[in-house]
Amino acid sequence: MNVTLAVKQYISKMIESSGPGMKVLLMDRETTSIVSVVYTQSEILQKEVYLFERIDSQNRDSMRHLKAICFLRPTKENVEHLIQELRRPKYSVYFIYFSNVISKSEIKALAEADEQEVVAEVQEFYGDFIAVNPHLFSLNLQGVSRGRSWDPSMLSRCTQGLTSVLLALKKCPMIRYQLSSDMSKRLAESVKQIITKEYELFDFRKTEVPPLLLILDRSDDAITPLLNQWTYQAMVHELLGLNNNRIDLSRVPGINKDLREVVLSAENDEFYANNLYLNFGEIGTNIKNLMEDFQKKRPKGQQKLESITDMKAFVDNYPQFKKMSGTVSKHVTVVGELSRLVSERQLMEVSEAEQELACQNDHSSAQQSVRRLLQNPRLTELDAVRLVMLYALRYERHSSSILPALMDELSRRGVSERHRRMVQCVVEYGGKRIRGSDLVTPTDAVAITKQFFKGLKGVENVYTQHQPLLHDTLDQLIKGRLKDSQFPYLGASSLRDRPQDIIVFVIGGAMYEEALTVYNLNRSTPGVRIVLGGSNIHNTKSFLEEVMSATAHIGDRAPGGSRHGSRR
């Protein structure tokens, strides 16, 4: 079960089916992202695709010597653009591939528009999702709900994305959903409806143990998205923001113009692939080792690489090194910027308090940690607010809760009204009243082992105790102990054997920390294959946007509470 490979194979097949000769790849906004995440432009150029165009671009030149490969989502807008295109074709022949099921009436409309008979092929290739990692996919949707209900267009898009993943992986699953979430049940029913309607497409060879689709709701675990991260991919997304594998570094002080936007793709970057799930200290050490290997080839003027700052200076001083290894200069820049932000925002200290709030059950110590940090003038507004959010979720019904005092402290710090209101919104979104599972256990049944990691000079030890709720859910599922009363099956039948192929989808967005959990479970559990997906892959900022969108429609809150509606 590899979603990256599934999408790559579809794209290769499209290009090969058109035969030899020069080609143009016609895409829409979403399929451009779908393709760019799994293939680089240079890789596609090697397959004789010399031009990349958008179907909605008005000023494309007529190039009758090119074959057109169209990879499009089956939307009304795209069908309309195609009809206009076929009436006045700009290319010699058209191979049309839709990323999902298209209706017979729309096929008929395209056939009628093709008066010049330029269409050679129309097919459905089910790559209607972003394959982020081999075991992780996203639909890049922000703000999927209105209150506790689906935004109808978002329900439709999630259904299409999820059925497309099932078709790409050739799975016809049994479905379980989170009972406490009406949205989970609605999505489960919507997916089942498509499977029933398109039963011929889902007629795959039966396996001994049927695959399982598990649909969850982000509101069941609002703690994971609020924590700072310490593994490479998760940390980059949290502090710098990963958008379809791209990072915008244009605001980094003194950035080289070649590095203002960089791509981090495990498919095309061996260092990134090897360090994706390693912690910050190990990554620094690995970059140091890589650069020292290069220095050995240069006996003259050797210098010691003691810190990330030394490494950056080294890269800047050796243009030929930069030329030989753009990859290393990219990672030194990224890790250097992460290091600067960790130091500037005092994230080691912040993260330690976050971990204590998420994992320990000591109210006295927790409130002291939060109060102490809120006194620190170097704490950013976001970090101050998320500490209070974690406290509010963790000690929501504690008899000695100091939440009002912490809210007053935020006001004194000059935290904006919008950020302060987010504290209440997070509790409304994922508080005790909403959750279906026991996110914060009152007693620590399992002794928590603090994992320390040692790194370069300049990188302190930090704690990474927290396990996302998803870890327990999947662990119970694999052992056959996940309660039907909390996660019922859709329909009468249920799984008798331990599941082997599991597809998990999180409404409201998944996290890279959860992707790490899935990666580790795949490695440690022979015979079990898990793929994780979400309506989005969040960091704290985008998660809080999701929360504001979801809670903007719930009851009457503080004055002006409805100003922050859904972002569509």
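## Second largest cavity

In this predicted model, the second largest cavity is lined by Gln229, Ala234, His237, Glu238, Met511, Tyr512, Glu513, His538 and Asn539. Two elements give two or more residues to this lining, namely H8 and helix H20 (512-524). The largest share is that of H8, which contributes three residues.

The volume of the second largest cavity is about 40 Å³. By class, its lining divides into three nonpolar, four polar and two charged residues.

## Largest cavity

The second largest cavity belongs to a set of two cavities of 30 Å³ or more held by the structure. The other, the largest cavity, has a volume of about 80 Å³. Its lining comprises 14 residues, and those closest to the centre are Val132, Asn133, Asn245, Ala266 and Glu267.

At least two residues of the lining of the largest cavity come from each of H2 and S6. Strand S6 supplies the largest share, with three residues. In terms of residue class, the lining of the largest cavity has eight nonpolar, five polar and one charged residues.

## Second largest pocket

Besides the cavities, the model contains pockets, of which the second largest encloses about 1,500 Å³ of space. A total of 47 residues line the second largest pocket, and His237, Gly241, Leu242, Asn243 and Ser542 lie nearest its centre. By class, this lining is made up of 18 nonpolar, 14 polar and 15 charged residues.

Several elements each supply at least two residues of the lining of the second largest pocket. The helices in this group are H2 (29-38), H6 (152-168), H8 (232-239), H13 (326-344) and H21 (540-551). The strands are S6 (130-133) and S12 (246-248). Helix H2 gives the most, with five residues.

## Elements and residues shared between sites

Which elements each supply at least two residues of the lining of the largest cavity? They are H2 and S6, and both also appear among the elements that supply at least two residues to the lining of the second largest pocket. Helix H2 gives the most to the lining of that pocket, whereas S6 provides the largest share of the lining of the largest cavity.

Helix H8 likewise recurs: H8 supplies at least two residues of the lining of the second largest pocket and the largest share of the lining of the second largest cavity. At the level of single residues, His237 is listed in the lining of the second largest cavity and is also one of the residues nearest the centre of the second largest pocket.

Methods
Residues numbered from 1 in each chain as written. Predicted model: local features only at pLDDT ≥ 70, side-chain atom pairs only at ≥ 80, totals over all residues. Heavy atoms only, no water. 1 Å grid on protein atoms, 1.4 Å probe; cavity = no way out; pocket = protein on both sides within 12 Å on 5 of 7 lines; lining within 4 Å. Points joined across faces, edges and corners; volume = space filled by probe spheres on them. Helix = DSSP H or I, 4+ residues; strand = E, 2+ residues; numbered from the N terminus. Nonpolar A, V, L, I, M, F, W, Y, C, P; charged D, E, K, R; others polar.
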